[in-house]
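Good morning, everyone, and thank you for making time. I would like to walk you through one structure, so please look at the sequence and the model first.

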Amino acid sequence: MGGLDVKVRTKPCKWCGRPLKQGRWWRPKRYCNRWHAVKYRVVSVVANVLDSI
Ligand SMILES: [Zn+2]
């Protein structure tokens with residue numbers, strides 16, 4: 001966790017934090033898979049709704 005290798009471009013999954021190898025810099029991966037993207041969106045939408053109540 002401490003020393004990040006700057007040679008390997010990784011970004012943590014926005015949902016689970018797992019490092020994802022970035023194969024294409026023009027299209028960065030932000031999630032492990034589609035479900036994590038869906039979950040992240042659902043949670044953010046629910047959070048927004050709860051926040052606006
Ligand atoms: Zn994930």
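Let me start with Trp35, which is exposed because its relative accessible area is 62%; by the definition used here, buried means under 20% relative accessible area, exposed means over 50%, and partly exposed lies in between, with a 1.4 Å probe and protein chains only. Before going further, I should say that this is a predicted model, in which local features need pLDDT of at least 70 and side-chain atom pairs count only at pLDDT 80 or more, while totals for chains, interfaces and linings use all residues. Residues are numbered from 1 along each chain as its sequence is written, and side-chain values use heavy atoms, with hydrogens and water left out.

Trp35 sits in helix α1, which covers residues 34–52; helices here are DSSP runs of H or I with at least four residues, strands are runs of E with at least two, and both are numbered from the N terminus. The protein chain has 1 helix and 2 strands, and along the sequence they follow the pattern β-β-α.

Which residues share a nonpolar surface patch with Trp35? They are Val38, Val42, Val45, Val46, Val49, Leu50 and Ile53, and the patch comes to about 820 Å². Patches are made of residues with over 30% relative accessible area and no salt bridge, where like charges are joined within 9 Å and nonpolar side chains (Val, Leu, Ile, Met, Phe, Trp, Tyr) within 5 Å; a salt bridge is a side-chain nitrogen of Lys or Arg within 4 Å of a carboxyl oxygen of Asp or Glu. The areas come from the Shrake-Rupley method with a 1.4 Å probe, and for residues only the protein chains shown count as cover.

Val38, also in helix α1, is partly exposed at 36% relative accessible area. Its C-alpha lies 9.5 Å from that of Trp15, although 23 residues separate Val38 and Trp15 in sequence.

Now to the metal: the zinc ion is coordinated by Cys13 (SG), Cys16 (SG), Cys32 (SG) and His36 (ND1), at 1.8 to 2.4 Å, and these donor residues are spaced C-x2-C-x15-C-x3-H. Donors are N, O and S atoms within 2.8 Å of the metal (3.2 Å for Na, K and Ca), and since water is not among the atoms, sites may look incomplete. The 4 donor atoms subtend angles of 91 to 122 degrees, so the arrangement is tetrahedral, a word that requires four donors with all angles between 85 and 135 degrees. Of the donor residues, Cys13 is buried at 4% relative accessibility, whereas Cys16 is partly exposed at 40%.

Terms used. Tetrahedral: all angles 85-135°; square planar, octahedral: opposite > 155°, others 65-115°.
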